[in-house]
Structure formats: structure tokens, C-alpha cells
Amino acid sequence: MALAINHETNDIVNSTGTVTVNGVAVGGDNTPVWYGSRAVMMGGNQPSDASASNVIDYVTVANTGDATDFGDLVVARNGPCSTSNGTRGLNTGTSSYSATIDYITIATTGNAQDFGDVTVGRSDLGGASNGTLGLFSGGYAASGRSNVIDTVTIATTGNATDFGDLTVARNALASCADSTRALFAGGLD
């Protein structure tokens, strides 16, 4: 194993980006993580009349071409929100304020199954994941804009629990995450 020393930053790395001392990784692994080659789109508005859609489509990211039918959601959705751990994809959110969370196994086509429920049914949420936990944040509920952040363990079906609150109730959020932190920004408040 070859080690490289960056004299400007004093970092020591091997070919995978991991440094080990006595067999224990220290400093983290900087290797990029790819969860597969399939992108899945779930729900949305029907082009003909803007009604909620139950369609699940997928594409193989490395290939150009049209989407292929994956299956159907349990609940037709407009204003959906998705998150995943690379193996399982979750989807919730609809203007009918259904609390249902659907899930699929990304590598296997077929219809979605019922995962559980969010704490408050809403649409236009922000979603994020660290690969273990999924977050569903904000959105528009029957009572108006929401500040609720729900969490689920993606690998285990069940109802969401309260994670905390956004600083401002809002819907139509932008979101992103890494293994440590999730960010929710923008939206309507």
C-alpha cells in the first residue's frame, strides 16, 4: 500500500482516500459513493389535466433514452417528495394531504408498497437522507404551511416520528444532504 503526503495540508492518504492506523480507519473515506445506475421518478401532475399521478418511471443514468415504466404508487401524488438509501426509495406528499409513505426497491421494478405514515399529511415537502435516515420537511398541510420535520429509518417500514421543526413553516422547499447534515432552503412561507 502506498501512502501520499500532501505537504501543504499535512494530509496522509492511500489510494482509496482512507488512512488506517493499526488497522483502524481514521480521517474518513473520501471515496465517492454511487448508489447505482437507476434514477426513479414517482408521481407528479398528469400533463392532461394536472391531476395527481400514480406513475413510477425510471431511466438508466448511463444511457440516453426515454423513461421506462417501473410500476405504480399506492397513492396518486402531486407535490410529492422522495428520499432513498440507494436500495429503497420512499415517496410521500399529495395535495389531498394523504399521510401515506410509499416505498419501492429500486433495483426491482414493480408497484410501490405501503411503508407507513408521516405525522402530518401534506404536499410540496423537502426530502433528504444520509443513507440511513430519511427526512420529510415542511410542506403544505390542510391547516396551511407546515414546519414539521419527520424522520424514518429507510431500511425498516413503519410510521415517521417527529424529528424537530423548521425555523419557518414553508412549502416547496429545496433540499440536499450528506452523511452528516441536511439543508432545507427557499420555499414559500
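**Exercise 1.** How far does the backbone oxygen of Val120 lie from a polar atom of the side chain of Arg122? Work this out in the predicted model, and then describe the setting of Arg122.

*Solution.* Begin with the position in the fold: Arg122 belongs to strand E12, which covers residues 122–123. Next, take the backbone oxygen of Val120, which is found 2.6 Å from a polar atom of the Arg122 side chain. Then turn to side-chain partners, where Arg122 makes a polar contact with the side chain of Asp150 at 3.1 Å. Finally, consider exposure: the relative accessible area of Arg122 is 0%, and because buried means under 20%, Arg122 counts as buried.

**Exercise 2.** Determine the strand order of the open sheet of four strands, and identify its edges.

*Solution.* Following the pairing across the sheet gives the order E8-E9-E10-E11, and the pairing is antiparallel. The edges are strand E8 (81–84) and strand E11 (113–117), each of which pairs on one side only. From one strand to the next, the twist averages 30°. Looking inside the sheet, strand E9 (residues 88–92) and strand E10 (residues 100–105) are joined in the antiparallel sense by four bridges, and Arg88 stands opposite Thr105 in E10.

**Exercise 3.** Summarise the chain as a whole, starting from its secondary structure.

*Solution.* Counting the elements gives 20 strands and zero helices. Of the 189 residues in the chain, 35% are buried, while the accessible surface comes to about 10,600 Å², with 50% of that belonging to carbon and sulfur atoms. As a last step, take the contacts between residues at least 6 apart in sequence, of which 41% join residues at least 24 apart.

Conventions:
Residues numbered from 1 in each chain as written. Predicted model: local features only at pLDDT ≥ 70, side-chain atom pairs only at ≥ 80, totals over all residues. Heavy atoms only, no water. Helix = DSSP H or I, 4+ residues; strand = E, 2+ residues; numbered from the N terminus. Buried < 20%, exposed > 50% of the residue type's maximum accessible area, 1.4 Å probe, protein only. Contact = heavy atoms within 4.5 Å. Areas by Shrake-Rupley, 256 points an atom, 1.4 Å probe, with all protein chains shown as cover. Pairing = 2+ DSSP bridges. Axes fitted to C-alpha atoms, helices over the stretch in contact; angles between N-to-C directions. Polar contact = N/O pair within 3.5 Å; in protein donor to acceptor, adjacent residues only side chain to side chain.
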